[in-house]
Each structure stands twice: as structure tokens, then as C-alpha cells.
Amino acid sequence: MTQIIANIGILTCSDRASAGVYEDISGKAIIDTLGEYLYSSWKPHYHVVSDDQASIEEMLKYLADDVGCSLIVTTGGTGPALRDVTPEATEAVCEKMLPGFGEQMRAVSLKYVPTAILSRQTAGVRGKCLIVNLPGKPKSIRECLDAVFPAVPYCIDLIGGAYLTANEDVIKVFRPK
Amino acid sequence: MTQIIANIGILTCSDRASAGVYEDISGKAIIDTLGEYLYSSWKPHYHVVSDDQASIEEMLKYLADDVGCSLIVTTGGTGPALRDVTPEATEAVCEKMLPGFGEQMRAVSLKYVPTAILSRQTAGVRGKCLIVNLPGKPKSIRECLDAVFPAVPYCIDLIGGAYLTANEDVIKVFRPK
Amino acid sequence: MTQIIANIGILTCSDRASAGVYEDISGKAIIDTLGEYLYSSWKPHYHVVSDDQASIEEMLKYLADDVGCSLIVTTGGTGPALRDVTPEATEAVCEKMLPGFGEQMRAVSLKYVPTAILSRQTAGVRGKCLIVNLPGKPKSIRECLDAVFPAVPYCIDLIGGAYLTANEDVIKVFRPK
């Protein structure tokens, strides 16, 4: 099999991080976690945008269509506040929504905090790219990724993206026969 | 901190209750339960409407925009029958939906009855007001409110509504630091 | 009570099965399972269509409106791939969606495979007909039907369809008093 390098987008949606008010820890936590998970070659494409729906949509389209990402993981903007619009931006650019991702991440987060029900995170497919929203809090990143990543490589297979393999001692991914 | 009185809407959606065919027990059960939960001052705004989508939407808008409610709790109209339109009315007046509320209430109700999957209840945000649908059956009111209320005060903080505090010996609300 | 024969549609959505590339096992598994479940008289209306949204919508409308089905169970086309459009077709022909069905089926399937979150299956109501999506894999058919069927007869009661009774030694259906 010819090994190709998978392009993966990491998109932090945060007014404060994009304005330089504070350092983006969550986006870097996603890159670190994916680095631990993935055995196959990949290249991160990391961006920070403000909580502006049009800007988020534009960046998601750029990463999916122009960069050719097979996966985009967002962080931030999933709460109920006025400026939280990442799920809306995601839905606007996706042809298909995958409600099971949000359900499963909320179910897992509920084991830690009852406010997990406030997270509106979702996932969807744009062309050959899977887009997954994670919450903004750094400590939720790993628990949410651990909960859904086992299904991510097979999902990307189904939509025609790059073939991802994982470090089996870190996370077990699943491909039905 | 200046204590302000929180306005809370209680809206019973029922053809029969609005026509006086039977007494509305569920709406009163919500008022009683909130009375037990809340330590901070609040004022109930209680209304009964028929299962008519336009009437429900109008009342939700009145309670959120004119009365200035930080929270509206509905009961009834969440099933699959033709006249059950409360979730549709809620979605029509909200800028943001919070699917985690419905997921969690159905998950809890499923421990009691397999028909919990028929309930289409949801929650959403209109301006500075959180709207939560509860099912119509009186005995489901408490189990559903117990399941989601711990996240309600923090949600209302995030959307700029009144600051609610609870009687900690009745229910533990959660605000992340 | 006058016993009437319930019409039940079974719709396999599959490019390959409709082209005769392989035999449809899942549709037949649904018929067999319903045959074990149901005590009251029923008549299956079994069809196979390609993964084409317009064709699926047309067949769902035919089964609901012309045949007078009280229940339609689909199989296939619920994944994230380009040609998977059964949930979209279902949503397009239904007046009301019942998200609890998809949530519960995914929660049950997650006990077996982490890729259950990729299934986008849902359920909804068109007139007096309940439409339920099942995944395409034969071995998931029974676990998903077992998970939601206890609520199906009562749902059909609420929308004015046929009165279904079940073999209580096979599956326990629930009707609240």
C-alpha cells in the first residue's frame, strides 16, 4: 500500500485566543493527542479564528477543499452563549451530519460534569473530510477524543479520505470486516 | 451582589387543560419543584395554552421578550401525535438548540419506561432565556427536572440571565470554575 | 375489538441489492423478526430500492399513503458515505422526527462496536405511519429492533395506526395507562 501523508486540520474557535488575550492550550492539546494516537504519517494544519460564523465556515471550507484535509477537529464555540457558533458553522458547510458523535461525547462528559448537556458539539461530513467539534476546555479534549476516535479512521475510509492507522497501545481503532 | 428577582415562565401546552376539561397538574408540579430547588428569589409566570403551534410560539416570545424570563419550562405536547407541537414551537423561536437536554431526559426516563424514546422534548436559547421542554405526564416532571436542573443556572449565567442559587440539600447545581 | 390486518412496509435501501449484485439478507431478517414479535395479524410489503434519495422518498410515500402502512422499517443507507441518504429521505417525508429512536439504537449498538456512532439512523411520523431506519448490517437488525420495538405499538396508537399486539414471550411491548 502506498502510504500517503494525511492532512488534518486543527481549528481553534475563540475570540480571546484569536485576539492574543490568552494562549490557545486546547488546539495544541489536540495536536499532541493526535500525535500520540496516529501511527500513519500526518501533517497538522493549525489555525485560530474568532467566534465568527462566517470566518469559521470559510476556514472549514479552506481546510477541507483547498488543503485536502481528511479530518478537521475544532475546539471552542460549542456552548449556549451568543458568540458560540461552531456547531452552526459546521452544519452550514457539511452535507451530512453525524449526531452520534455529539451524543457520545456528551454521554462521556456527563460522567465528569452535569453541565456537559450544555455542549452542542456535533460532527459532519464535507466531501472527503470528517469535521468533529470538541468543547473548548483543555481537560475535556482528551476524554472526548478518546470517546470517538476509535470510529474516526473507518469513517474516513467510508468517505474516501486518507487511510489512518493508530498506535494500538494508545488507542484501539475499529474497522468492521 | 444585588439580588434580583428571577422571572421564570411555566407553560402548560394542552388542548384539554386549556379548555378546562381537566386540571393542569403538571404545570403546578413544575412550580412546586422549582420552589423546592431555588434558594434565590424568583417569580413564576404561569400560563396554559392549547396545542397550537402559533399560540405556543407567541406565548414563548411574550415570556422571554416582554416578561423577561431567564427560564421557561414547558410541559406537554412532546409526543408523536398530530397535535404534539411543543418542540417545533420551541425550535421556531430559539436561536440555538441544546440537544443534550433532550438526550439526557430521554436517557433518564428510559430507566422507567421504554416509551421514553417517543418523547421529542428539547431545549434552546432565545436571547437571555433558556427554554426547556418537559413531558406532559406529572410523574415524569420531577425525574426530568432532577436530571437537567444541575446545569440550568450555569447555562443562564452564560446567556446573561438572572443568577440562580439552589437549596443544596435539595439539588446540587454546578458551575465550572 | 375488530381485528384488522396491519400493513407493514419493509424497505431495503441498497445499490447492490437493488442491482442484484447480492441477496438482501437484512430486509428478510426484518420480516423474520417482526414475524416472531407480532401476535396480531399483519401483512409485509417488501421492496428494494437503490440508494437514491428521490426513489426512497417516493417509496416511503407510496407505502405510507397508498398502501396504508402503520409502520415502515428501512434498512441500509444510514452511514456517512456519499450514497447513504436514507435518513435524509426519511426526514424529507416526515412531519415529525423522533430523535429518541436513533439515540437509543446507537447507544445499544455502541455496546458491540465503537463505529455505532457513524450510524445516522432516525425515525419519524408521516400521517398515521411510523418510519424507523435500521442499519444495513444483518447482525445489527435484531439488536436495534429489540431496543426500540417495545415502544412501537404505543407510538402507532398515538398516531392513529393499526393496533399491534406482541408475543409476550418474545418481546414485551409497553403501553402506559
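This passage walks through the sheet of chain B, the contacts between chains, and the relation between the copies in a predicted model.

The sheet of chain B makes a handy starting point. It is an open sheet of 6 strands with mixed pairing, and its order reads β2-β1-β3-β6-β5-β4. At the edges stand β2 (42-49) and β4 (96-97) of chain B; each has a single partner strand, so one side of each is left without a neighbour in the sheet. Helix α2 (residues 25-37) of chain B packs on this sheet, where it touches β1 (6-13), β2, β3 and β6 of chain B. The direction of that helix makes about 155 degrees with the direction of β1(B).

Strand β1(B) deserves a look of its own. On one flank, β1(B) pairs with β2(B) in the parallel sense, over 8 bridges. Within β2(B), H47(B) is the residue that stands opposite L11(B). β1(B) is also joined to β3(B), again running parallel, by 5 bridges. Here I10(B) has V73(B) of β3(B) as its bridge partner. Moving along the sheet, strand β3 (residues 71-75) of chain B pairs in turn with strand β6 (residues 129-134) of chain B, in the parallel sense and over 5 bridges. T74(B) finds its bridge partner in N133(B) of β6(B).

How much of β1(B) is buried? The count is 8 of the 8 residues, so the strand is largely enclosed by the rest of the structure. In a regular strand, side chains alternate between the two faces of the sheet. For β1(B), both faces turn out to be covered. A6(B), I8(B), I10(B) and T12(B) are buried on one side, and N7(B), G9(B), L11(B) and C13(B) are buried on the other.

Helix α2 can also be looked at in chain C, where it again spans residues 25-37 and includes L34(C). L34(C) has 21 C-beta neighbours inside 10 Å and therefore counts as buried, the cut-off being 20 or more. A long stretch of sequence is bridged at this spot: L34(C) and F149(C) are 115 residues apart along the chain, yet their C-alpha atoms are 9.4 Å apart in space.

Next come the contacts between chains. Between chains B and A, 17 residues of chain B are in contact with 14 residues of chain A. On the chain B side, the elements giving two or more residues are α5 (99-109) and α7 (152-158) of chain B. The largest share of that side comes from α5(B), with 5 residues. Sorted by class, the chain B side has 13 nonpolar, 2 polar and 2 charged residues.

The contact between chains C and A takes 15 residues from chain C and 17 residues from chain A. On the chain C side, the classes come to 8 nonpolar, 4 polar and 3 charged residues.

How are chains C and A related in space? Chain C is superposed on chain A by a rotation of 120 degrees, with 0.0 Å of shift along the axis and an RMSD of 0.0 Å. That is the relation of a three-fold axis. The two copies use different surfaces in their contact, as 7% of the contact residues of chain C recur in chain A. As for the axis itself, the residue of chain C that comes closest to it is E103(C), with its C-alpha at 4.3 Å.

Note on methods. Residues are numbered from 1 along each chain as its sequence is written. Chains are lettered from A and ligands numbered from 1 in the order in which they are written. This is a predicted model: local features need pLDDT of at least 70, side-chain atom pairs count only at pLDDT 80 or more; totals for chains, interfaces and linings use all residues. Copies are superposed by least squares on the C-alpha atoms of residues with pLDDT of at least 70 in both. Two strands pair if DSSP finds at least two bridges between them. Helices (H or I, at least four residues) and strands (E, at least two) are DSSP runs, numbered from the N terminus. Axes are lines fitted to C-alpha atoms, for helices over the stretch in contact, and angles run from 0 to 180 degrees between N-to-C directions. A residue is buried if 20 or more other C-beta atoms lie within 10 Å of its own, exposed if 12 or fewer, and partly exposed in between; C-beta atoms are placed from the backbone. Ala, Val, Leu, Ile, Met, Phe, Trp, Tyr, Cys and Pro count as nonpolar, Asp, Glu, Lys and Arg as charged, and the others, Gly among them, as polar.
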